Amino acid sequence: SSSVRGSATRAARRTSSRRSRRRSRRSSPSPPPACRRGGGRRCGGSRKHGTEDQIEEEIVRLIKFIDRMYSIFGLTYDIELSTRPLEKYIGEIEVWDRAEEALKRAVKAAGHDYKLNPGDGAFYGPKIDVNIKDVFGRSWQVATIQLDFQNPKKFKMTYQGPEKEEEPIMIHRALLGSLERFFGVLIEHYGAAFPTWLAPVQ
């Protein structure tokens, strides 16, 4: 009957439409996985303390650590160096200038170039941001290394120098950034076909 033929036609159109949408999703960038869109994110960060003349050595060590870690996943990255905000910052400009120059020297000493991102530093100090690209060419900020001259001052932290008590500097580091964002990038990077060492049971 005409009603049966009409129902079959509509069902065929729906099936064709679903196949078309699936082909489209395979050939174009997918939306961010739910783990990258969550309202709450966890960040595996830590803080280190040292003297001002140890900044360059320690930053080089951290960048080389990032090199090794990201190469295991087959990821490449670019570095952005963010400098003092124009208005909302704390501390003396002279201290900021020294910190920024120390970061620039460290990035070069670690064998990398960097893109300058003027005015995008944290309010307490300049920072290095590590950006990786997923399989669709989209850039994601993951690791970050931030210098902080202000918190040690705020908490009245000191150490005994050669002649007197001095204030340390603080280095904030998060080598994977947001864990949910990093896992989301990995899912698309591997196409969910993870290497055996990462997911032995699949």
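**Pocket, core and fold of the predicted chain**

H4 and helix H5 (150-154) each put at least two residues into the lining of the largest pocket, with helices being DSSP runs (H or I) of at least four residues and strands (E) of at least two, numbered from the N terminus. This is a predicted model, where local features need pLDDT of at least 70 and side-chain atom pairs count only at pLDDT 80 or more, while totals for chains, interfaces and linings use all residues. Residue numbers start from 1 along each chain as its sequence is written, and side-chain values use heavy atoms, leaving out hydrogens and water.

H5 gives the largest share of that lining, three residues. Among the 15 lining residues, Val95, Arg98, Phe149, Lys153 and Glu167 sit closest to the pocket centre.

As for the fold, the protein chain has six helices and eight strands, running α-α-β-α-β-α-β-β-β-α-β-β-β-α from the N terminus on. Contacts (heavy atoms within 4.5 Å) lean towards long range: of those with a separation of 6 or more, 73% join residues 24 or more positions apart.

Then there is the largest nonpolar core, with 36 residues, in which Ile59 and Tyr70 have the most contacts. Such a core is a set of buried Ala, Val, Leu, Ile, Met, Phe, Trp, Tyr and Cys residues joined through side-chain atoms within 4.5 Å, buried being under 20% relative accessible area with a 1.4 Å probe, protein chains only. H3 supplies the largest share of this core, nine residues. Leaving aside residues up to four places away in sequence, Ile59 touches Leu103, Ala106, Ile128, Ile145, Leu147 and Ile171.

Key: Buried < 20%, exposed > 50% of the residue type's maximum accessible area, 1.4 Å probe, protein only. 1 Å grid on protein atoms, 1.4 Å probe; cavity = no way out; pocket = protein on both sides within 12 Å on 5 of 7 lines; lining within 4 Å.
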